[in-house]
Amino acid sequence: MDTNGSVSLLLWDRETMFLIGKSAKELKEWFLENTAAVDKYPYPVELNNILQRKFMFKVIINTENIHLQKEVYSVVKLTDEEQLINKYSPAQPSDDLTVCHICSQTS
């Protein structure tokens, strides 16, 4: 994870098919064929299918990630199963602000 809280994940064809229904090769071919429309579509529109969705990723962390601070992780498994995501997700902080009042007593 970088200093902005972002992480780069490398997805293989199996995971790409699960997420957007196309292989990485199909996405690349579409993108190369449509590079003239780069201003209109700066990325494959199929990626919009994953917006506003939650996923849980199982990644490989190897010595390059640790010792060389390589910030790209290979995904070996992913799921969008809500029950499983909730089970392993940290508790979300409440949106409510808690105000701490310090009371002093005078004698």
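Visitor: Is Phe55 buried or exposed?
Guide: This is a predicted model, in which local features need pLDDT of at least 70, side-chain atom pairs count only at pLDDT 80 or more, and totals for chains, interfaces and linings use all residues. Residues are numbered from 1 along each chain as its sequence is written, and side-chain values use heavy atoms, with hydrogens and water left out. Buried denotes under 20% relative accessible area, exposed over 50%, and partly exposed the range in between (1.4 Å probe, protein chains only). With a relative accessible area of 17%, Phe55 is buried.

Visitor: With which residue does Phe55 form an aromatic pair?
Guide: The search of the whole structure yields 1 aromatic pair (rings of Phe, Tyr and Trp, the last by its six-membered ring, with centres within 6.5 Å). Its planes stand at 50° and its centres at 6.2 Å, which counts as tilted, since under 30 degrees would be stacked and over 60 edge-to-face. The partner of Phe55 in this pair is Phe57.

Visitor: What is the relative accessible area of Phe57?
Guide: Phe55 is buried, whereas Phe57 is partly exposed. The value for Phe57 is 32%.

Visitor: Which elements give two or more residues to the largest nonpolar core?
Guide: A nonpolar core is a set of buried Ala, Val, Leu, Ile, Met, Phe, Trp, Tyr and Cys residues joined through side-chain atoms within 4.5 Å. The largest one has 6 residues: Leu19, Ile20, Leu27, Phe55, Val75 and Leu78. Helices (H or I, at least four residues) and strands (E, at least two) are DSSP runs, numbered from the N terminus. On that numbering, the elements giving two or more residues to this core are H1 and E3.

Visitor: Why do the buried residues of H1 line one face of the helix?
Guide: In H1, which spans residues 13–20, the buried residues are Glu15, Thr16, Leu19 and Ile20. Viewed down the helix axis, they line one face because the directions from the axis to their C-beta atoms fall within an arc of 100°.

Visitor: Which residues does Glu15 touch, not counting those up to four places away in sequence?
Guide: Glu15 lies in helix H1 and is buried, with a relative accessible area of 4%. The buried residues of H1 pack against helix H2 (24–33) and E3. By contact (heavy atoms within 4.5 Å), Glu15 touches Val75, Val76, Lys77 and Leu78.

Visitor: In what order do the strands form the open sheet?
Guide: Two strands pair if DSSP finds at least two bridges between them. E1 and E3 are joined by 3 bridges and run parallel, while 5 bridges join E2 to E3 (residues 72–79) in antiparallel fashion. The pairing is therefore mixed, and the order is E1-E3-E2.

Visitor: Which strands stand at the edges of this sheet?
Guide: An edge strand here has a single partner strand, so one of its sides is left without a neighbour in the sheet. This applies to E1 (8–10) and E2 (56–60).

Visitor: Which residue in E3 is the bridge partner of Leu10?
Guide: On the E2 side, Lys58 stands opposite Lys77 and Ile60 opposite Ser74. On the E1 side, the bridge partner of Leu10 is Ser74.

Visitor: What pattern does the protein chain follow along the sequence?
Guide: The protein chain holds 4 helices and 3 strands. Of its 107 residues, 15% are buried. Read along the sequence, the pattern is β-α-α-β-α-β-α.
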